[in-house]
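Subject: Structure handover

Hello,

Here is the structure we talked about. Please open it alongside this note; the findings follow below.

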Amino acid sequence: MRDLFTVASFTMKEMVKRKSFIISTIIIFLIIIIGFNVPNIIDMVKGDSSEVIGNDTILIIDPDDIYMGTLENLNQMELGTTFKMQNNGLTKEEIKEKIDAEEIYAAMIINKQDNKIQVNYIADSVGMEGAPREIIKILNDLYKDIQIGKLGLSNEQLANLNPEFSIDVTETNENPASGNVFAIMLLSIVLFYAIYFCAYQVSSSITTEKTSKIMETLVTSTTPRTIVLGKTIGIGIVGLLQVAGMIIVSVICCNLFIDPELLSSIIDLSKITPILAIITIIYFILGYAVYSLLYALTGSTVSKPEDINSANGPVAILAVIGFYLAYFSMMNPTSEINVFASMFPFSAPFSMPFRVMMGTATMGQVAISLGIMLVSIIIIARISIKIYSSAILNYGTKINIKDVLKIYKDKNN
């Protein structure tokens, strides 16, 4: 146990001293801070643009009085735009002069040709959005109301033309899903990053120490099992602290930069409970253990740092498959594939915490999933330690899959 602690503490010190770790952590914190300030940045940009434009007035020209004076209603709809109406026509040159003089922001000329309403939207720049669709829709509805009014229909007939729909949704599933999908997917991505990239460091650490001959000292001082488990624990603790730091920075940024009403509309805070936090931490630890032990195996099979990416390829593909299996199964939280994703040991860390968050997972399913993961960890650990013990002092060519199978089957190892 003392050797295990020594290897873990040594690994933690080496991990936090790396420039790549320090720089990546700083970048992550900066991204979080900037991300939570996006609404404020948008407001600043809008404020600057309004100063440049100087006017938000839209001039609506209705030369044929198609709307019979009802356009004044637009200013009562709180659309964030001031409307000015006139029936006298203007040329495009005259409208351009008004825009350049900042008397108006844009103009809309409305004409009727046969049974078609033609709207000519004129502005200095329309960007990618084109004509304001919301205003066009309102103009369309106003025109319909005018034409319906000319028919002299009774209130009952008008009600039949514009019925009000009341929709009730009932789920027959015993555990119906509930929760904000955006928040669930965002947290799933964070978990994937935490598990995958922390586990990847195990492979990188083993290969680096193997290249620098430090491994020879470690092997003569303790057992391969202690080295594998010690490195896995050490890097896991650093990774867990890094994730905790991300959460703390995110919470601080939420309180400082995000309006509480906006935050509650994005994330259902009532779903974030102590039980969910405990389950998430447990699955982070178990998911990290699965992938870190696999990376320990691949790291021991190479002798040069430049070979590490190719050796880690199969594990990376497995991790991506597990993540996307969990990610896309969230589209239908009560489906059988979602249940499978929460049981499959390579996707369960990304799936089960959020099935719990959505209320679709039973405690029995959680227990079965945890049992499968623990059994998987024991099997992977046994294989990894055995391969590691024989391959760690190999400084020749990279060991391929056939060599790995041969080493594992060898009873003398």
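Glu103 has a relative accessible area of 44%, so it counts as partly exposed. Its salt-bridge partner is Lys98, with the closest N and O atoms 3.3 Å apart. Lys98 is partly exposed too, at 24%, not far above the 20% under which a residue would be buried. Bear in mind throughout that this is a predicted model.

Salt bridges

Side chains of opposite charge can pair when their charged atoms come close. The count here is three salt bridges. Glu103 with Lys98 is one of them.

Another joins Lys96 to Asp100, where the closest N and O atoms are 2.9 Å apart. Both residues sit in helix α4, residues 92-100. They are four residues apart, so about one helical turn separates them. Asp100 is partly exposed, with 48% relative accessibility. That value stays under the cut-off, because exposed means over 50%.

Asp141 and Lys137 form a salt bridge as well, at 3.2 Å between the closest N and O atoms. Their helix is α5, residues 133-150. Again the spacing is four residues, so the two lie about one helical turn apart. Lys137 is exposed, at 53% relative accessibility. Asp141 is partly exposed, at 30%.

Helix α14

How many of the 11 residues of α14 are buried? The number is 10, so this helix, residues 348-358, is largely enclosed by the rest of the structure. Among the buried residues are Pro349, Phe350, Pro353 and Phe354. Arg355 is buried as well, and so are Met357 and Met358. Gly359 follows the helix, and its phi is positive, near 80°.

Packing of α13 on α14

Two packed helices are described by the angle between their axes and the distance between the axes. For α13, residues 336-343, and α14, the axes come within 6 Å and cross at roughly 120°. That angle makes α13 oblique to α14. The crossing is left-handed.

Which residues make the contact? From α13 come Asn338, Val339, Ala341, Ser342 and Met343. From α14 come Ala348, Ser351, Met352 and Arg355. By class, the contact has five nonpolar, three polar and one charged residues. The α14 residues in this contact, Ala348, Ser351, Met352 and Arg355, are buried.

Best wishes

Note on methods:
Residues numbered from 1 in each chain as written. Predicted model: local features only at pLDDT ≥ 70, side-chain atom pairs only at ≥ 80, totals over all residues. Heavy atoms only, no water. Buried < 20%, exposed > 50% of the residue type's maximum accessible area, 1.4 Å probe, protein only. Axes fitted to C-alpha atoms, helices over the stretch in contact; angles between N-to-C directions. Parallel < 35°, antiparallel > 145°, perpendicular 65-115°, else oblique. Left-handed = near helix turned anticlockwise from the far one by under 90°. Contact = heavy atoms within 4.5 Å. Nonpolar A, V, L, I, M, F, W, Y, C, P; charged D, E, K, R; others polar. Salt bridge = Lys/Arg side-chain N within 4 Å of Asp/Glu carboxyl O.
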